[in-house]
Amino acid sequence: MFIIETYGTAVLFCIVTMICWGSWANTQKLAAGSWRFELFYWDYVLGIVGLALISALTLGSLGEGGRSFLADVQQADPANISSALWGGVLFNAANILLGAAIAIAGMSVAFPVGIGLALVIGVVVNYLNAPVGSAGLLFGGMALIVVAILLNAIAYRRTSSAGSGLSTKGLALSVVAGCLMGLFYGYVAQSMFPNFEQPEPGKLSPYTAVVFFALSILVSNFLFNTLLMRRPFVGAPVSYTDYFRGSARDHLTGVLGGMVWCLGMLFSILASDKAGPAISYGLGQGATVVAALWGIYVWKEFRDAPKGVSGLLNGMLLCYIVGIGLLIVAR
């Protein structure tokens, strides 16, 4: 299978992850005018599964290092498969709430609060499982990211209280999504052999782990998204009949969003071999800055904010950037 060789390449892969994870929600924003989030999310999940399988049958089956995808599946221990599957369930529960928060509050709120909280929880969990890097720098970066989350929440509350029509429901959903999102990556990491060049019996390769993770998202979506379709946070219920009424553009936009996110996940997993799970996950969650930039400056989600909010948002971005910089040098 294809694996990376150096820490520098791992950081590059983390940057790609950052861009992918921070940009996929643009496809949801593009589809929002004619396509409900609950319907969009089905295509998004199909995009994740599709890219996971394609990568496993290509990059995961080529090269001399590690173990090829099909051989890896045949020797996999059920306990490790279960770990990857459980990671998919946790991710899907978190991500569907994050998507609902984006639909309500926008990218510039849902990502800094939800993903920022996930970053803090995820780095701590992954560092405890595999303590790679300077603890002082890692947790110093985490402290700055906590400050950034608080600044963003304050900015959102001020905008909401100014009568802009914003709902605190989006903020609450972001917090719940972040708490769940911070846990999923550790389960996927535990299912894999830590040194990708030296496969261990029963453990999964990164490509196999991502495939089981993706399939778990698909299966759990029949529960989570069906409930959301029947009892949406905003708007009237939708049905499966509505899904099949969508245009080709609607469906392809969702699939593209899922594939972009899955590419980021795969690159993050591959980078964890050289960077360590805590640093790889933490750098990938720098997607928060990317998403906030999209939301603030492209989608202009704070266009009606009162005086002083722009300073809070700029402070939030600065704290995130410095915090992520500390993660980079932690190794």
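I began with enclosed space, and my search of the whole structure, which is a predicted model, turned up 1 cavity of 30 Å³ or more. I noted a volume of about 80 Å³ for the largest cavity.

Next I looked up the lining. I found that Trp21, Trp24, Phe91, Asn95, Leu98, Phe111, Ile115, Met181, Phe184, Trp261 and Gln285 line the largest cavity. Sorting these lining residues by class, I counted 9 nonpolar and 2 polar, with no charged residue in the lining of the largest cavity.

I then asked myself which helices each supply at least two residues of the lining of the largest cavity. I wrote down helix 5, which spans 78-105, helix 6, which spans 107-129, and helix 8, which spans 168-190. Helix 5 gives the most to this lining, with 3 residues.

Since helix 5 and helix 8 both appear in that list, I turned to how these two helices pack against each other. I recorded an angle of about 160° for the packing of helix 5 and helix 8, and their axes lie 7 Å apart. Because angles over 145 degrees count as roughly antiparallel, I entered helix 5 as roughly antiparallel to helix 8. I also noted that the crossing of helix 5 and helix 8 is left-handed. Going through the residues in the contact of helix 5 with helix 8 by class, I listed 21 nonpolar, 7 polar and 1 charged.

Conventions: Residues are numbered from 1 along each chain as its sequence is written. This is a predicted model: local features need pLDDT of at least 70, side-chain atom pairs count only at pLDDT 80 or more; totals for chains, interfaces and linings use all residues. Side-chain values use heavy atoms; hydrogens and water are left out. On a 1 Å grid over the protein atoms alone, a cavity is a set of points where a 1.4 Å probe fits but cannot get out, and a pocket is an open set with protein on both sides within 12 Å along at least five of seven lines; lining residues have an atom within 4 Å of a point. Grid points are joined across faces, edges and corners, and a volume is the space filled by probe spheres set on the points. Helices (H or I, at least four residues) and strands (E, at least two) are DSSP runs, numbered from the N terminus. Ala, Val, Leu, Ile, Met, Phe, Trp, Tyr, Cys and Pro count as nonpolar, Asp, Glu, Lys and Arg as charged, and the others, Gly among them, as polar. Axes are lines fitted to C-alpha atoms, for helices over the stretch in contact, and angles run from 0 to 180 degrees between N-to-C directions. Angles under 35 degrees count as roughly parallel, over 145 as roughly antiparallel, 65 to 115 as roughly perpendicular and the rest as oblique. A crossing is left-handed if the near helix is turned anticlockwise from the far one by less than a right angle, and right-handed if clockwise.
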